[in-house]
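The following paragraphs are meant to be read with the structure in view, moving from strand to sheet, then to the helices and cores, and finally to the second chain.

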Amino acid sequence: MGWHVSVYVTLKPSVMDPQGATVQRALNQMGYKAVTGVRMGKFTELEFDGALSEAEVKKQADEICDKLLANPNIESYRFSVERK
Amino acid sequence: MRFSVTVFPGSNCDHDCEYVVRNVMGQPVEMVWHKETDLRNPDCVVVPGGFSYGDYLRTGAIARFSPVMKSVADFAAKGGLVIGICNGFQILCEAGLLPGALLRNKNLKFICQNVYIRVEETNTPFTNACQKGQVLKIPIAHGEGNYFIDPAGLQKLKDSRQIVVRYCDPKGQLTAEANPNGSMDSIAGICNEKRNVFGLMPHPDRSGEDILGSHDGQFIWKSILNSLAGVGK
């Protein structure tokens, strides 16, 4: 049994997202007029050694997000941890 | 004056930088592979353009952890001159040597064309050979050159006079049309507070001779040589 960490990285609300705006326009043109906003982000799955404690996995995942997976200037992140 | 050009997997302007420094400006150049930590005693480090690590994750995000970047950061901390061009600018931002970040171009397109930039600050080691307000014709070639910084950071850039070059029209006017990628405040290049680290999206390495369409890039290289020779303003 290892640990499975799902990481979601999204642009901060203050950061313009031209890709999301383009997808929204496409959706609206397809007839999904009720879609009033699209923000694109990144999804990453991390697998950890099961010998680690949940607290240690969370600590390392937090560091990984801060150092590499997200750029704190423009992005925020959240993650969930589960046994797999 | 000794220059060192860092080379990452995916760098593709490293030889343009080498050529302009050696053949146009007549200075010795060392090429330093990203796994090396010895910069070979340069006076100036050039972080070149390209697609380091295939632009995976975010442009420059992985290159900043290459061993050579620790040496570049130490060199900059001691006051050494560092210029980052295009992907080099992105790497310097990711490494925290320059503030802000480069986002996808507003129109989502990769843009490869000549642009005009206005020199806003001549009190830097990279622009001392220019006149304030001088317009330079220099090409860009990028998909992620849309400079972003939070409002507090932008104010700090202005207060410390760190905005070195801005996109403009041929007459030097700042217009929305002349800003090719949607950069905040038309920012094309900035320096750090100590003014020894400079990053810009346009390519002075690709505009060193008339045969390339412009020799205006020479103003940047000449400024660096001035500064190293103690001639700077």
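A convenient place to enter this predicted model is Val82(B), which stands opposite Val197(B) of strand S11 in chain B. The two strands concerned, S4(B) and S11(B), pair in the parallel sense, and four bridges hold the pairing. They belong to an open sheet of nine strands with mixed pairing, whose order in chain B is S2-S1-S3-S4-S11-S10-S9-S6-S7. At its edges lie S2 and strand S7 (135-142) of chain B, each of which pairs on one side only. Across this sheet, neighbouring strands are turned by 25° against each other on average, with direction ignored.

From S4(B) the eye may travel along the sheet order to S1(B), which in that order stands between S2 and S3. Strand S1 of chain B, residues 3-7, is mostly covered, since five of its five residues meet the criterion for burial, namely 20 or more other C-beta atoms within 10 Å. The cover extends to both faces of S1(B): Phe3(B), Val5(B) and Val7(B) are buried on one side, and Ser4(B) and Thr6(B) are buried on the other. Towards strand S2 (residues 29-33) of chain B, S1(B) is joined by five bridges, and the two strands run parallel; within this pairing, Thr6(B) has Val32(B) as its bridge partner. The chain passes from S1(B) to S2(B) through helix H1 (residues 14-24) of chain B, in a β-α-β crossover that is right-handed. S1(B) also pairs with strand S3 (residues 44-47) of chain B, again in the parallel sense and over three bridges, and here Val45(B) is the bridge partner of Ser4(B).

Two helices of chain B can be placed against this framework. Helix H3 of chain B, residues 87-94, is mostly covered, with eight of its eight residues buried; polar and nonpolar residues alike are included, as Asn87(B), Gln90(B), Ile91(B) and Leu92(B) are among them. The buried residues of H3(B) pack against S3, strand S4 (81-85), strand S5 (101-103) and strand S11 (197-200) of chain B. Just after H3(B) comes Gly96(B), which takes a positive phi of about 80°. Helix H5 (residues 218-228) of chain B has buried residues that include Phe219(B), Trp221(B), Ile224(B) and Leu225(B), and the buried residues of this helix pack against H1, S3, S4 and S7 of chain B. H5(B) is followed by Gly230(B), whose phi is likewise positive, near 80°.

The packing can also be followed through the nonpolar cores. In soluble globular proteins, nonpolar side chains tend to be buried together. Here the largest nonpolar core has 71 residues, and those with the most contacts inside it are Val82(B), Leu92(B) and Ile117(B). Leaving aside residues up to four places away in sequence, Ile117(B) touches Leu136(B), Ile138(B), Val165(B), Arg166(B), Tyr167(B), Cys168(B), Ala188(B) and Pro202(B). Apart from the largest core lies another, of nine residues, among them Trp3(A), Val5(A), Val9(A) and Ala61(A).

That second core leads into chain A, where an open sheet of three strands has the order S2-S1-S3 and antiparallel pairing. Strand S2 (41-48) and strand S3 (75-83) of chain A are its edge strands, each pairing on one side only, and neighbouring strands of this sheet are turned by 20° against each other on average, direction ignored. Eight bridges join strand S1 (residues 3-11) of chain A to S2(A) in an antiparallel arrangement, in which Val5(A) stands opposite Leu46(A). Helix H2 (residues 54-69) of chain A lies across S1, S2 and S3 of chain A and runs at about 155° to S3(A).

Helix H1 (residues 18-29) of chain A contains Ala26(A). Is this residue, Ala26(A), buried or exposed? Ala26(A) counts as exposed because 12 other C-beta atoms lie within 10 Å, and the cut-off for that class is 12 or fewer. The C-alpha atoms of Ala26(A) and Ser76(A), 50 residues apart along the chain, are separated by 26 Å.

It remains to consider where the chains meet. The contact takes eleven residues from chain B and ten residues from chain A. On the side of chain B that touches chain A, the residues divide into five nonpolar, one polar and five charged.

How values were computed:
Residues are numbered from 1 along each chain as its sequence is written. Chains are lettered from A and ligands numbered from 1 in the order in which they are written. This is a predicted model: local features need pLDDT of at least 70, side-chain atom pairs count only at pLDDT 80 or more; totals for chains, interfaces and linings use all residues. Two strands pair if DSSP finds at least two bridges between them. A crossover is right-handed if, with the strands pointing away from the viewer, the path from the first strand over the helix to the second runs clockwise. Two residues are in contact if their C-beta atoms, placed from the backbone, lie within 7 Å. A nonpolar core is a set of buried Ala, Val, Leu, Ile, Met, Phe, Trp, Tyr and Cys residues joined through C-beta atoms within 7 Å. Axes are lines fitted to C-alpha atoms, for helices over the stretch in contact, and angles run from 0 to 180 degrees between N-to-C directions.
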